[in-house]
Amino acid sequence: MAEEIRLMKGNEAIGEAAIRAGCRAYFGYPITPQNELTAYMARHMIAKGRTFIQAESEVAAINMVYGAAATGARAMTSSSSPGISLKQEGISYLCGADLPAVVVNVARSGPGLGGISPSQGDYFQSTRGGGHGDYYTIVLAPKSVQEAADLTYEAFSLSEKYRVPVLVLADGLIGQMMEGVVLPEPIDPATLPRKPYAVGHAQEMGRDYNHVSSINLVPDELEAKNRERFQRYEVIKKELCRYEEIEVEDADIVFVAYGTSARVSHGALMMARERGLKVGLFRPITLWPFPYARIAELAAQGKRFLSVEMSMGQMVEDVRLAVNGKSEVYFYGRCGGNIPSQEEVFAEVARLLGK
Amino acid sequence: MELAYGHPKSLKSIQTKYCPGCGHGVIHRLIAEVIDEMGLQTKSIITNPVGCSIWADLYFDFDSVQPAHGRTPAAATGVKRMLPDHLVICYQGDGDLAAIGTAEIIHAANRGEKFTVIFVNNAIYGMTGGQMAPTTLIGQHATTAPEGRDPINAGMGYPIRVSEMLATLEGTRYLARGAVNNPVNVRKTKQYIRKAFEAQMRGEGFTMVEILSQCPTNWQMKPLESVSWLEQNMITFYQLGEIKNTLSDAPASQAPKA
């Protein structure tokens with residue numbers, strides 16, 4: 001039998017993928033444009049005998065995740081940009097306590113309350129830790145409903161493997177649009193192994209008592225703990241950098257774009273190719289770790305880059321770091337909830353190519 | 001010979017960092033004694049607050065989780081929902097519970113989360129050095145109320161009776177206020193803790209024991225003076241006893257109406 005393709009909204013596909021990944025606890029708070037995700041979890045988590053709580057705030061929700069994660073359960077929260085800002089304290093604590101968790105950001109435009117339309121203005125916040133202290137989280141950026149489901153599903157195991165929180169950075173367009181999706185195989189959470197670091201079941205685990213905490217007032221000990229975490233980050237950088245390349249090989253200019261702006265850039269690429277312009281697309285799937293090395297290789301081949309973003313220019317700084325002055329890096333962006341059209345992106349690349 | 005009295009198993013036999021005359025040590029011991037009596041050492045998890053008792057995990061000999069300041073009831077919610085057959089103790093001070101964590105405590109109580117809050121009310125911020133707490137009494141001095149708490153002219157607000165406030169919420173089943181200023185109150189407080197823990201293990205709703213406790217260092221008193229100050233000033237404002245008891249084994253007068 002052929003795989004079942006379901007027509008789903010991004011927000012709902014993310015929810016279903018999390019449930020199939022064995023998520024035992026979801027904690028949310030209403031915010032547009034991710035409300036379908038919270039509603040989906042309310043419908044399906046409680047029905048499955050799992051935990052769903054509409055928390056009193058985003059702050060409470062992330063700390064419920066912290067408590068659930070401390071027991072070793074697969075736990076998740078979701079929100080949109082202003083709500084993700086509120087969760088940053090909790091994400092910092094999760095990192096400090098080396099707890100896995102999945103946080104989904106169906107991003108909207110800012111700053112402040114901003115608007116409810118899609119934006120990529122949370123790139124800095126997502127890829128630079130986001131809260132206080134020295135840390136990073138893995139950041140996965142889907143471009144479609146299918147990829148949103150796949151990356152959310154995988155986020156749980158990645159988070160446990162490296163013991164770092166994983167942020168799925170979608171945006172209002174990915175969350176709200178409907179596409180066909182093939183859903184991953186369900187995992188029964190009861191089959192997942194208990195975690196040696198977690199609290200609970202001390203006797204059955206035959207272990208000493210566990211203390212899940214991020215505090216350490218001894219500078220040498222805290223430094224050692226942070227250095228150990230950064231060694232893990234080095235492993236993540238080696239193992240996890242992901243990207244997609246489209247027609248990059250002979251390209252004079254390569255779009256660098258992720259998520260929704262990568263879809264638009266792909267359209268602009270096709271317009272350019274129809275007109276004989278050598279344009280490629282480099283789409284980071286992991287925003288952290290960012291694929292610096294591959295962009296550096298392409299820069300060494302003399303390729304130029306046009307970072308296309310739904311922001312005033314954030315990822316372009318990582319592209320410049322990767323290129324390190326070896327080539328030209330340009331930027332084209334829209335913000336405030338505007339999505340650039342493929343025509344305007346094409347016009348920009350044609351201008352840069354002198355056509 | 002039978003051991004009639006000894007150090008509780010659930011409390012490590014090490015010296016604490018708490019100041020002379022501080023109530024945390026006694027409260028820790030009461031919790032540990034009840035856990036031992038109920039045979040729950042390997043099934044207990046404490047979520048400790050930010051404040052002096054952030055060090056609780058050094059002293060209790062069972063699992064612990066240390067969340068962000070004030071978020072203790074949210075984290076305890078996550079722990080208890082995942083481990084409903086464990087004893088989950090949400091240990092909080094007055095800054096953690098009644099100031100920064102007000103939203104979390106009210107909503108955990110209102111959801112009827114099935115853990116027990118041990119709310120240590122010493123009417124001051126201890127760890128940060130004696131700032132005014134939401135429970136600081138009117139006229140009481142603090143580094144941030146140098147002339148004494150003045151609710152009117154300085155706009156410093158009034159001391160909050162948290163237990164009475166939470167009693168209005170239907171999710172709360174057992175709310176009691178004890179004190180550790182003398183042996184009689186210590187024993188009563190232990191009974192409250194035992195009732196709350198037993199109710200939790202029966203799966204009843206939200207339970208909390210508020211405990212009035214001395215902070216001689218930040219009250220700038222000798223330990224003995226602090227004990228009588230608590231009696232004369234705190235107990236008169238924060239009345240002791242069971243504030244709400246709608247547990248299944250509650251006396252008939254307090255049981256929920258059929």
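User: Two strands count as paired if DSSP finds at least two bridges between them. With that in hand, which strand of chain B pairs with β9(A)?

Analyst: Ground rules: this is a predicted model, where local features need pLDDT of at least 70, side-chain atom pairs count only at pLDDT 80 or more, and totals for chains, interfaces and linings use all residues. Residues are numbered from 1 along each chain as its sequence is written, chains are lettered from A and ligands numbered from 1 in the order in which they are written, and side-chain values use heavy atoms, with hydrogens and water left out. Helices (DSSP runs of H or I, at least four residues) and strands (runs of E, at least two) are numbered from the N terminus. The pairing with β9(A) is in the parallel sense, over two bridges, and the partner is residues 63-65 of chain B, strand β2.

User: And which residue of β2(B) does Val212(A) stand opposite?

Analyst: Val212(A) falls within β9 (211-212) of chain A. Across from Val212(A), in β2(B), is Val65(B).

User: How much area is buried between chain A and chain B?

Analyst: The contact (heavy atoms within 4.5 Å) takes 33 residues from chain A and 32 residues from chain B. On the chain A side, Glu56(A), Tyr209(A) and His211(A) lose the most area to chain B, together 24% of what that side buries. Buried area here is the accessible area (1.4 Å probe) that the two parts lose on being put together, summed over both. Carbon and sulfur atoms give 61% of the total, which is about 2,600 Å².

User: Which element gives the most to the side of chain A that touches chain B?

Analyst: The rule finds 13 residue pairs in polar contact across this interface, both residues at pLDDT 80 or more; that means N or O atoms within 3.5 Å, one able to donate a hydrogen and the other to accept it within protein, with sequence neighbours counting only if both atoms are side-chain atoms. Elements giving two or more residues to the chain A side are β2 (25-28), β3 (51-54), α3 (58-70), α4 (81-96), α8 (202-205) and β9 (211-212). With eight residues, the top contributor is α3(A).

User: What about charge: which residue of chain A forms a salt bridge with Asp63(B)?

Analyst: A salt bridge here is a side-chain nitrogen of Lys or Arg within 4 Å of a carboxyl oxygen of Asp or Glu. The rule finds three of them across the interface of chain A and chain B. In the one with Asp63(B), the closest N and O atoms are 2.8 Å apart, and the partner is Arg207(A).

User: Now inside chain A: how far apart do the C-alpha centres of domain 1 and domain 2 lie?

Analyst: An automatic or database assignment sets the bounds, giving domain 1 (6-200 + 228-238) and domain 2 (243-352) of chain A. Contact involves 31 residues of domain 1 and 28 residues of domain 2. About 2,400 Å² is buried between them, 56% of it from carbon and sulfur atoms. The C-alpha centres are separated by 27 Å.

User: Which residue meets Asp318(A) in a salt bridge?

Analyst: Between domain 1 and domain 2 of chain A, the rule finds four salt bridges, along with 16 residue pairs in polar contact. In the pair you're asking about, the N to O distance is 2.7 Å, and the partner is Arg128(A).

User: How many residues apart are Asp98(A) and Arg229(A)?

Analyst: The structure holds 42 salt bridges over all chains. In the one between Asp98(A) and Arg229(A), the closest N and O atoms are 2.8 Å apart. This pair links distant parts of the chain, with Asp98(A) in the loop between α4 and β5 (102-107) and Arg229(A) in helix α9, and the separation in residues is 131.

User: Last one, on backbone oddities: what is omega for the cis bond between Thr32(A) and Pro33(A)?

Analyst: Pro33(A) is found in the loop between β2 and α2 (35-47) of chain A. Trp288(A) to Pro289(A) is also a cis bond, with omega near 0 degrees, and Pro289(A) lies in the loop between β13 (286-288) and α11 (292-300). For Thr32(A) and Pro33(A), omega is about 10 degrees.
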